[in-house]
Amino acid sequence: MVEREGAANMSKIKVAILGTGNIGTDLMYKILKHEENMELAMMAGIDPESEGLIRARELGIHASDEGAKAILEDPDIKIVFDATSAKAHIAIAEEFRSAGKMMIDLTPAAVGPYVVPPVNLEEHIEAMNVNMVSCGGQATTPLVHAVKRIVPVHYAEVIATVASKAIGPGTRQNVDEFTRTTANAIKEVGGAHMARAIPVFNSAVPEIKMTNTVYAVIKENDFDEEAVKTSVKNIVEEVSSYVPGYRLKGEPFVDYRDTPWGRCPVFVIMNEVESTGDFFPTYAGNLDIMTASARKVGELYAQHFLGNKEVSR
């Protein structure tokens, strides 16, 4: 259990978590472990007996069952992590923007631009709402980007395999949205010309860790394979700095395959993500990478605010 430090620190930016389910609860522990620039001032939901609010109270964090209303009424809270639902986020996003509160959206709403920390973390520093894409997007977009910064990626196909027990009802009901959002991020952020995302829910026991496979089709035959491998390894190291369980499963390699564009070199990259166990079981790396990435984004925004820079609404 993470122990809460004493009084509010005026050198930190006050933040709040909206949503007291599993995602919000794990995020709470991650913020408390890394409060370099952020102070978790509130945990807000609508169920007074939710596990997240109970745990927040035990840690001495202001816990409210008045949801968004409680956060909006606190003028000192500058950053809000939304761990509710896409429908709920869309309904409140404008109200939070008008109140001058920056939102980091962990839902599929995508009101604001996609953000994947090692790729475009600083590009949207003036935005008042950013979206964390999806677990598959956070896990595979950096890998596609790593290839693309050496050689153009004509088509990227990613397969994200996760333990069935680590998939909640919301994700199950929005699988099509998950695949579209992930594929869009691979194109818009990762830089692939075309992309497809394929989720696989594996019911094996014992549960498997999140495993991702990236196939990056390259139409050029003359490129520096070793430079691509180095680029991939470097970005894996960047991601693992804030997601400790993020790692390659083997050496990236090139396989020549028949594709709709002829016989092309295909860069194959496989990785896995293991949860740090703050709240989720260790196999739930798909959930862990979302909360760890959101915390990383929050830290950057907190630094920005502490630098007394005006943020555009």
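Val116 sits in the loop that runs between strand β5 (102-105) and helix α5 (117-120). The model in which this residue is placed is a predicted one. With a relative accessibility of 0%, Val116 counts as buried, because the cut-off for that class is under 20%. Setting aside neighbours within four places in sequence, Val116 is in contact with Leu121, Val133, Gly137, Gln138, Thr141, Pro142 and Val189. Two of these partners, Val133 and Pro142, are taken up again below. As a distance reference, the C-alpha atoms of Val116 and Leu72 are separated by 27 Å, and these two residues are 44 apart along the chain.

**Overall architecture**

The protein chain contains ten helices and twelve strands. Its radius of gyration is 20 Å, close to the 20 Å that the globule rule gives for 313 residues, so the chain is as compact as a globular protein of that length. Taken along the principal axes, the box filled by the C-alpha atoms of the chain is roughly 60 × 45 × 30 Å. Of the 313 residues, 56% count as buried. Among contacts between residues at least 6 apart in sequence, 71% join residues at least 24 apart.

The accessible surface of the chain comes to about 13,400 Å², and carbon and sulfur atoms account for 48% of that area. The charged side chains comprise 31 positive and 43 negative ones, and the centres of the two sets lie 2 Å apart.

**Annotated region and annotated site**

An unreviewed UniProt entry lists residues 14-127 under "domain: Semialdehyde dehydrogenase NAD-binding". Over residues 14-127 the chain is 38% helix and 21% strand. The C-alpha atoms at the two ends of this segment are 18 Å apart.

The "active site" annotation, likewise taken from an unreviewed UniProt entry, covers Cys135. Cys135 is placed in helix α6, which comprises residues 135-148. Its relative accessible area is 14%; as the cut-off for burial is under 20%, Cys135 is therefore classed as buried. Not counting residues up to four places away in sequence, Cys135 touches Phe178, Met210, Asn286, Ile289 and Met290.

**Pro142 and Phe253**

Pro142 is also located in helix α6. Its relative accessibility is 0%, and Pro142 counts as buried. Beyond the residues up to four places away in sequence, Pro142 touches Val116, Pro118, Val119, Gly137, Ile235, Val239 and Tyr246. The contact with Val116 thus links Pro142 to the loop residue described at the outset. From Pro142 to Val268 the C-alpha distance is 14 Å, with their positions 126 residues apart in sequence.

Val268 appears again among the partners of Phe253. Phe253 belongs to strand β11, residues 253-259. Apart from neighbours within four places in sequence, Phe253 is in contact with Val266, Phe267, Val268 and Met270. At 33% relative accessibility, Phe253 counts as partly exposed. The C-alpha atoms of Phe253 and Asn221 are separated by 14 Å, and the two residues are 32 apart along the chain.

The relative accessibilities of several of the residues discussed here are collected below.

| Residue | Relative accessibility | Class |
|---|---|---|
| Val116 | 0% | buried |
| Cys135 | 14% | buried |
| Pro142 | 0% | buried |
| Phe253 | 33% | partly exposed |
| Ala110 | 27% | partly exposed |
| Val133 | 4% | buried |

**Backbone particulars**

Ala110 has a positive phi of about 55° although it is not a glycine. Ala110 lies in the loop between β5 and α5, the loop in which Val116 is also found. Ala110 counts as partly exposed, with a relative accessibility of 27%.

Val133 likewise has a positive phi, about 65°, without being a glycine. The residue is found in the loop between β6 (129-131) and α6. Val133 is buried, with a relative accessible area of 4%, and is one of the residues in contact with Val116.

The peptide bond from Val205 to Pro206 is cis, with omega near 0°. Pro206 is found in the loop between β8 (194-202) and β9 (210-217).

How values were computed: Residues numbered from 1 in each chain as written. Predicted model: local features only at pLDDT ≥ 70, side-chain atom pairs only at ≥ 80, totals over all residues. Heavy atoms only, no water. Helix = DSSP H or I, 4+ residues; strand = E, 2+ residues; numbered from the N terminus. Rg over C-alpha atoms; globule rule 2.2 N^0.38 Å. Buried < 20%, exposed > 50% of the residue type's maximum accessible area, 1.4 Å probe, protein only. Contact = heavy atoms within 4.5 Å. Areas by Shrake-Rupley, 256 points an atom, 1.4 Å probe, with all protein chains shown as cover. Lys, Arg positive; Asp, Glu negative; His and termini not counted. Charge placed at Lys NZ, Arg CZ, Asp CG, Glu CD. UniProt positions renumbered as here; feature names shortened; annotations may be inferred.
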